[in-house]
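Reader: I would like a close look at a single part of this model, the strands and the core they help to build, with enough of the rest of the chain described that I can place that part. Please be careful to keep apart what comes from a record and what is computed from the atoms.

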Amino acid sequence: MAMQESPAFAKLVRDVVRDFGEPQIIWQVVALVAALGVAFVLRRWMIGRLDRHFERVAPARRAGSSSLRRSFFPMFGWMCVALTRVVLQEYMRVSLLRLAEVPLFGTALIYLAFYFARRLFASSPHAYGLLKVFERVFTTFAWLSMLAYVLGVHDDILNWLASVRFAVGASHLTLLSMLSGILWIGVTLVLAMWVGSLIEDRIMRTTTLDGNLKVVMSRLVKGVLTLIAVLATLSFVGIDITVLGVFGGALGVGLGFGLQKIASNLVSGFIILLDRSVRLGDLITVAPYHGTVSQINTRYTVVRGLDGIEALVPNEKLVTDVVQNHSFTETRGRAKVNVQVAYSADVELAMSLMLKAAEGIPRVLTDPPPSALLLNFGADGMDLEMGFWVQDPALGSGSIRSQINLRIWRTFREHGIEIPYAQREIRILNDWAEAGPSGGLADAVSRIPLPPGTPEPAQTEAEPGKKPTP
């Protein structure tokens, strides 16, 4: 069947062709160029104000600024062209201006949608793929809608969608109502999440609330706004929301059987946030992970190790297992260095030199001051330990211990304090004189080299009939 020519499209073509055959088209072109020139000036003025505003805000609040800048020209252009058309339509034909309004309006709408989407998902690095899909779908839908409007087939498409009917429970729906419902749900969800992001930004900047309480309030606000948006949209498009009770029951059964772990992690996440046992920035140890809590999400908690590797720990593990929170009541961390000195060394001097080695090192606290201890008397020397407190233990203490050990090594060498190494004395108790002829095992043992500095043993000759003394 041949497609019938759209009356709107035919009228638009006839108007443009008719105007191009008359001198008035020159004035329309001049008016269009003047309106776009004014829009260009307004765009530069608005971009200047926007740049000055972004200089005073945090980088996170500049998300989507590129889309916002690109939307200024088509948005101001559409406004100026529409205003020019309203003014001139009493004196001349304005078909060219009316045609120019469609792409300007559509382009401005697309860029503004991208701006709101980027602002919405700016704090979520995992939503990058979803944002790209959303932009492509919205762009395709917007341009198809403009094309259908220009061709004049939008009424035919809407009538066909309204003719496709089906029943969902006690409700009778059409394909048009379903698509419009999905569209409105998407729009209201975007608006709800955008408003939730604004409220979250306000809450996070508050200094009087605890960090975990800020996260809980932000998530509750987003959840309530999302629920209200969905229910209001379903009621608006004529869908009975009591049907959702069936889906709610099915969801409860699914949670009870197949989604136990997920549900447990969700509940555990809110428990962690509410009882504040683990907070953002805490240094924790939950076997086998040790690091700083960088994120507390709905299902898991991100623990960033001191080596930069991040571990995604399920929230249930933080509730059911033993967690060592090194920052629960004390934000400082204690570290220590151990050293062994010889028994001939001045132990009190060694302890004082160890305390001096910790002076002047960044992040080593002077209150409480470092303390040196004589732990025990070892097999090779006396074991000493110096403990000290470190600010910001989440940054690690390996470099601090290295600096202190180097200072201890230098000062001990300057003051003649010996750090002993293990020495072992071997005594041979068997009678090697009866071991055999010369050149046997006794001679081999006598040829074992002695350590440097060891005095040679006295050579004694055994009397006849007597055994040599070992």
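**From the annotated segments to the strands**

Author: The UniProt record, an unreviewed entry, places the feature "transmembrane region" at residues 25-42, 71-88, 100-121, 133-153, 173-199 and 220-247. What follows is computed from a predicted model.

Two of these annotated stretches can serve as a setting. Residues 71-88 are 100% helix and 0% strand, with 26 Å between the end C-alpha atoms, and within that range Phe 76 belongs to helix H3, which covers residues 65-88. Phe 76 has a relative accessible area of 13%, and because the cut-off for a buried residue is under 20%, Phe 76 counts as buried. Its C-alpha is 4.9 Å from that of Ala 39, although the two residues are 37 apart in sequence. Residues 173-199 are 93% helix and 7% strand, and there the end C-alpha atoms are 36 Å apart. On the surface, Phe 141, Leu 183, Trp 184, Val 187 and Leu 191 form a nonpolar patch with about 480 Å² of accessible area together, to which helix H7 (residues 175-204) gives the most, namely four residues. Val 187 lies in H7 and, at 36% relative accessibility, counts as partly exposed.

Turning to the strands, there is an open sheet of five, in the order S6-S5-S4-S3-S7, with antiparallel pairing. Its edge strands are S6 (310-314) and S7 (324-325), each of which pairs on one side only. Inside that order, S3 (residues 283-286) and S4 (residues 289-296) are joined by four bridges in the antiparallel sense, and Ile 284 has Gly 291 in S4 as its bridge partner. The loop between S3 and S4 holds Pro 288, and the peptide bond joining Ala 287 to Pro 288 is cis, with omega at about 0°.

The part that deserves the closest look is strand S10 (residues 382-390), which is mostly covered, with seven of its nine residues buried. S10 runs antiparallel to strand S8 (residues 333-341), and nine bridges join the two; one pair of bridge partners is Arg 334 and Trp 389, the latter in S10. S10 also pairs with strand S9 (residues 371-377), again in the antiparallel sense, over six bridges, with Gly 387 in S10 as the bridge partner of Ser 371. S9 and S10 form a hairpin, and four residues lie between them.

The largest nonpolar core has 25 residues, and those with the most contacts inside it are Val 341, Leu 384, Phe 388, Ile 404 and Phe 412. Two or more residues of this core come from each of S8, helix H12 (347-357), S10 and helix H13 (398-414), while H12 gives the largest share, six residues.

The loop between H12 and S9 has two backbone features to check. Arg 363 is placed in this loop; its phi is near 75°, a positive value in a residue other than glycine, and at 24% relative accessibility Arg 363 counts as partly exposed. Pro 368 is found in the loop between H12 and S9 too, and the peptide bond from Asp 367 to Pro 368 is cis, with omega near 0°. Such features are worth pointing out because most residues other than glycine have a negative phi, and most peptide bonds are trans.

Technical notes
Residues numbered from 1 in each chain as written. Predicted model: local features only at pLDDT ≥ 70, side-chain atom pairs only at ≥ 80, totals over all residues. Heavy atoms only, no water. UniProt positions renumbered as here; feature names shortened; annotations may be inferred. Patch = residues over 30% accessible without salt bridge, like charges linked within 9 Å, V, L, I, M, F, W, Y side chains within 5 Å. Areas by Shrake-Rupley, 256 points an atom, 1.4 Å probe, with all protein chains shown as cover. Salt bridge = Lys/Arg side-chain N within 4 Å of Asp/Glu carboxyl O. Buried < 20%, exposed > 50% of the residue type's maximum accessible area, 1.4 Å probe, protein only. Pairing = 2+ DSSP bridges. Core = buried A, V, L, I, M, F, W, Y, C linked by side-chain atoms within 4.5 Å.
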